[in-house]
Every structure is written in structure tokens, then in C-alpha cells.
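Biologist: I am new to this structure and would like to go through it with you. Could you put it up, please?

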Amino acid sequence: MALTVAALGVLGGCETRPPVELRTEACSGTPALQGVSYLRWRVTGEGMEPREHFTTVEEGVAGVPTIPSGKGRVVEVRGYTAMPRQGGRVVAVGRSHPFEVGGGEAPAVTIALRRVGEFVKPRLAQGCAGLGEARAGHTATLLEDGRVLLAGGVRLGADGRPVTVSAVEVFDPASGTLERVPALDLARAFHTATRLPGGKVLLVGGEETPDGTRLASARVLDVKAGTATPVEGLRARGHHAAAADASGRVLVVGGVGANGEVVSEAEGYDAATGRSFQVGTPVRRVGMGVSPVGDGRRIAVVGGSDGKALVPEVLFFSYQGDTFVAEDTGERLREPRRDAALVPFGGPGRLLYVGGHSSAGAAMPDTLLASSQIVSPDAASRQGQGPQIFGRSEPCAVALQDGRVLTLGGWGNAGGGELVSNAHGELFVPGAEGGAAGLLGLPDLERSRHQHTCTALEDGSVLIAGGLEEDGVRRTTLDDLLLYMPVPLD
């Protein structure tokens with residue numbers, strides 16, 4: 001079902017009601033409008049007071065409020081079982097990409113309405129098919145226009161051996177389109193993809209099968225222009241980590257080098273000048289987490305292994321002069337680990353380091369960790385131990401717009417002394433006024449997975465793509481796309 005309203009044109013006072021298309025199709029789960037009696041339309045944006053209006057579901061998009069001129073306008077819709085004052089529950093949520101209204105004119109707006117609390121397969125323009133190519137160990141990068149760039153990875157061939165993927169696909173959550181764009185210059189997996197200012201994406205390193213060759217190749221992809229610009233001067237590495245600061249400077253650390261050694265040399269890339277540069281502080285680690293902190297002026301490097309032992313020190317890098325400089329604030333992991341997920345959580349300047357395992361090398365069933373830790377450069381913001389989770393390594397974790405964190409999948413313990421892919425997920429809820437965080441369980445995934453990606457989308461939902469399903473008997477590379485819309489807090 002799709003609900004639309006034609007443009008009503010310019011109204012008095014340079015206001016308009018834009019043409020809106022409300023998309024409700026999905027290939028699985030409860031239909032988005034099932035049980036919905038009322039829709040709440042809400043418009044927000046820079047320099048305006050929020051406007052909202054309720055309509056019956058039959059009236060549909062006719063209830064969109066008028067919108068004044070300005071930037072960053074967003075239309076949100078929620079589906080209620082009854083009016084909230086009568087005990088109605090929110091069962092569906094949708095939100096538009098930000099747009100500008102100028103001179104009373106606004107672009108057409110497309111909103112995908114998603115059922116809350118369910119993993120749903122989106123209906124694509126191609127039908128109910130998934131990715132064009134199954135993949136694991138790939139990257140998924142949210143672009144400035146709200147689309148997601150899915151690049152590289154590895155799949156299992158007919159003989160069960162890994163084959164590196166060069167295909168690049170772009171998923172548009174609003175319209176449900178999945179578009180193939182020009183392939184990578186080199187097939188690669190276990191690389192990094194970091195969004196730069198202006199919507200471009202920096203791809204660094206990775207591995208190429210069948211021999212696991214580590215790549216020194218780096219490219220800046222411009223999806224809109226369809227170009228890939230080479231970046232020189234970066235060393236070969238895979239299974240490394242990278243993050244950008246608020247000014248678009250990217251820190252690249254750790255990983256496995258050309259000869260199988262753990263890489264010590266850290267490097268940087270400046271999006272403004274297009275130059276790569278060396279970083280003086282060595283970071284000999286693999287399986288670490290890297291993330292910008294707070295306002296983005298600092299980048300945290302947390303955990304990991306130097307190949308022989310776990311590293312408890314937490315480093316914070318900031319750009320000074322012409323390179324990144326490390327600051328050791330004295331922060332240490334209470335329970336050193338590698339292959340955990342690092343994500344912002346519960347306020348500015350705080351990160352949650354969740355899951356992972358306590359062995360310096362590969363994960364083993366008895367080394368999986370069911371714990372988390374909150375880290376921060378500010379001693380006053382540290383709360384130490386975070387919530388417990390299902391014990392697993394290499395989970396994905398994403399920060400939601402409302403401060404919550406969703407974790408999903410990874411390597412788990414089958415109970416028989418072997419590792420298998422995991423289907424569990426949790427939703428971390430920050431504690432009020434610095435109190436203890438809460439934890440909510442999610443429905444299990446229909447298919448377990450590790451080496452997948454999770455991406456927080458603009459509309460508040462999370463995109464889960466691909467991965468490797470392994471149950472101790474069979475190994476399968478997944479080609480599915482799933483969306484999960486958490487129940488809103490307010």
C-alpha cells in the first residue's frame with residue numbers, strides 16, 4: 001500500500017505542503033498499517049517550532065502540516081492503534097530525509113513507514129530479492145543523502161573456498177532501490193570505509209583471496225560523480241580500523257600487514273588536502289575499536305591484541321600541527337579484550353566497548369565475553385563496567401539517534417565446544433542522570449550471522465546486510481537485507 005498526496009502549491013506566508021509519498025510495502029513481517037487507526041504527522045527543522053497533526057489512517061497524507069521556508073525540514077509519521085490519550089500504541093514509524101523549503105517550494109518527499117520491533121525484509125524495486133551478490137566482511141557506509149554504500153567483501157564459492165567481491169551496491173532506504181555502481185578497482189574484504197565531508201568515502205586496504213594478499217590500495221569514492229581517486233602513500237593492511245575526526249582527517253591504525261605481522265605504523269589522510277601522512281605514535285594492534293569521541297576532535301583507540309597479548313591501554317588521538325598526536329589519559333580496560341564493538345553511548349564523550357573475547361589470538365568458545373565497559377577521556381564521565389550481554393565476539397553495534405545502542409550477531413558458543421554464528425541482539429538504554437544502563441532483548445534473527453554490517457539510518461531504523469552463517473555443519477554467505485525499527489522512547 002502506498003499513500004500519496006499531490007502538491008498543494010505555495011500557501012500564504014511562503015509556506016507549502018509538499019507532495020508526500022508514504023511507502024508501506026515490505027517482504028516479511030506484519031504489514032506496516034495493520035491495526036493502525038491514526039497517523040501522527042510531525043514537522044521539525046532549523047528555526048521553526050515543531051508542528052504536528054493527527055489524521056485517521058483513511059485520511060493519510062492529507063494531514064501533513066504546512067511547512068515554512070528553511071533548511072533541515074524533516075517530516076515524521078507514526079502509526080497508532082488509537083489516539084495516544086486513549087491508550088494507543090505506536091506500531092509503525094517513518095521519517096524523511098532532511099530537505100529545504102525555499103520561497104514556498106519544497107521537493108517531493110518519500111517516507112518509508114516501518115513496523116516497530118520486527119526484523120523486516122524491505123521490498124525493493126526488483127521485488128523481494130536481496131543483495132546483488134552475497135557478501136561478508138564488507139563495509140556499509142551511510143552517505144550524506146541517506147543512502148548506504150555497500151562495498152567489497154568475500155563470499156563462499158561453489159567449492160566452499162572464499163572469493164573476494166569487487167561489486168559495489170547503493171541502497172536507498174526511502175525508495176527501496178538497490179543500484180549497482182562501478183565496481184572497485186580491486187576486489188577487497190576486511191577493509192575500512194570512512195565517510196568524508198562532502199559525502200565521499202575513503203576505502204583503505206583490505207585483503208584479496210585466495211591467498212589473503214593485503215592491499216596497499218586506497219581510493220576516495222564519489223558515488224554521485226561516479227569517480228574513484230587513488231590515494232598514495234598508505235601501507236598494505238587488512239583487518240585494521242579507521243575513523244574520521246570532525247574536520248575530515250582520517251586515522252588508520254593496526255591490522256595485519258603484507259607478511260602476516262601485526263602493523264605498528266599508524267597513518268592519516270586529510271580530506272581537505274588529499275594527502276596521506278605518517279603518525280608518530282605506533283599502534284601495534286589487531287581487533288581494536290576506533291571511534292570519534294564527543295565533538296569529534298578526538299579519536300579513541302580501544303583494546304585489541306599486539307599478536308601476543310591483549311592491550312589494556314586506551315589512547316585518544318587529536319590532530320595537532322600536521323599529524324595525529326596520542327594522549328594517554330590513564331584510561332585502562334578493566335577486562336582487556338579484542339574483536340569487541342566500540343560505539344558512542346549515553347552522553348557526549350562516552351563510548352561503549354561491548355563483547356569480544358579474552359584471547360590474544362582467535363576467539364575460542366571459553367574466551368567469549370558477556371560484558372561491556374564504558375570508556376571516556378574525561379575521568380568524571382567514566383562509569384567503568386557496562387551492561388551484560390550474550391557472550392559473543394565480533395558483534396555489530398550502532399548508536400541510535402535517541403542515545404540507545406543496538407548490538408546484533410557475531411561469533412557465539414554453540415555449547416558443544418565450538419564457535420557458531422549468533423542470532424541474538426540487545427538494545428542498551430542509557431541510565432537517567434548518569435544511572436545504570438538498562439538492557440532489552442530483541443527478537444532473534446531468523447538466520448544467525450557474523451562478519452555482517454549494521455548501519456543506523458536517518459529514519460531511526462537499522463539496516464543489517466549480509467554476513468556469514470555458520471552452524472558447525474554448514475557455512476553460507478548471506479545476501480539478505482533486513483531493517484529493524486526500534487520502538488521510540490517518547
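Biologist: To begin with, what share of the contacts in the chain comes from residues 24 or more positions apart?

Modeller: Among contacts with a separation of 6 or more, residues 24 or more positions apart account for 53%. Contact here means heavy atoms within 4.5 Å. Please note that this is a predicted model, in which local features need pLDDT of at least 70 and side-chain atom pairs count only at pLDDT 80 or more, whereas totals for chains, interfaces and linings use all residues. Residues are numbered from 1 along each chain as its sequence is written, and side-chain values use heavy atoms, with hydrogens and water left out.

Biologist: How many helices and strands are there?

Modeller: The chain has 0 helices and 48 strands. These are DSSP runs numbered from the N terminus, helices being H or I with at least four residues and strands E with at least two.

Biologist: And what is its radius of gyration?

Modeller: The radius of gyration is 23 Å, close to the 23 Å that the globule rule gives for 490 residues, so the chain is as compact as a globular protein of that length. That radius is taken over C-alpha atoms, and the rule is 2.2 Å times the number of residues to the power 0.38. Along the principal axes, the C-alpha atoms fill a box of roughly 65 × 55 × 50 Å.

Biologist: What percentage of the residues is buried?

Modeller: Of the 490 residues, 54% count as buried. Buried means under 20% relative accessible area, exposed over 50%, and partly exposed in between, with a 1.4 Å probe and protein chains only. The chain exposes about 19,500 Å², of which carbon and sulfur atoms supply 48%. Accessible areas come from the Shrake-Rupley method with a 1.4 Å probe, and for residues only the protein chains shown count as cover.

Biologist: Turning to the interior, which residues have the most contacts inside the largest nonpolar core?

Modeller: They are V20, L22, W41, V75, V77, I111 and L113, in a core of 22 residues. Strands β4 (20-23), β5 (38-44), β8 (70-80), β9 (90-95), β10 (99-101) and β11 (109-112) each supply at least two residues of this core, and β5 gives the most, with 3 residues. A nonpolar core is a set of buried Ala, Val, Leu, Ile, Met, Phe, Trp, Tyr and Cys residues joined through side-chain atoms within 4.5 Å. Apart from the largest core lies another, of 16 residues, among them V253, V279, V283 and I299.

Biologist: Now the charges. How many salt bridges are there?

Modeller: The count comes to 33 salt bridges, each being a side-chain nitrogen of Lys or Arg within 4 Å of a carboxyl oxygen of Asp or Glu. One of them joins R114 and D459 at 2.9 Å, N to O. R114 is in strand β12 (residues 114-115) and D459 in the loop between β44 (453-456) and β45 (462-465), so this pair links parts of the chain 345 residues apart.

Biologist: Are those two buried or exposed?

Modeller: R114 counts as buried at 11% relative accessibility, and D459 is buried at 7%.

Biologist: Where does R51 fit in?

Modeller: R51 forms a salt bridge with E15 at 2.8 Å, N to O. R51 belongs to strand β6 (residues 51-56) and E15 to strand β3 (residues 15-16), 36 residues apart. R51 is partly exposed at 26% relative accessibility, whereas E15 counts as buried at 17%.

Biologist: Which residues do shared salt-bridge partners join into one network?

Modeller: That network consists of R40, R42, E52, E76, R78, R95 and D490.

Biologist: Next, how many aromatic pairs are there?

Modeller: The structure holds 6 aromatic pairs. In F345 and F428 the ring centres are 6.3 Å apart and the planes at 75 degrees, so the pair is edge-to-face. Rings of Phe, Tyr and Trp (its six-membered ring) pair if their centres lie within 6.5 Å; planes under 30 degrees apart count as stacked, over 60 as edge-to-face and the rest as tilted.

Biologist: Where do F345 and F428 lie?

Modeller: F345 is in the loop between β34 (341-344) and β35 (351-354) and F428 in strand β42 (residues 425-429), so the pair ties together parts 83 residues apart in sequence. F345 is buried at 2% relative accessibility, and F428 is buried at 0%. Elsewhere, ring pairs link F277, Y319 and F324 into a cluster.
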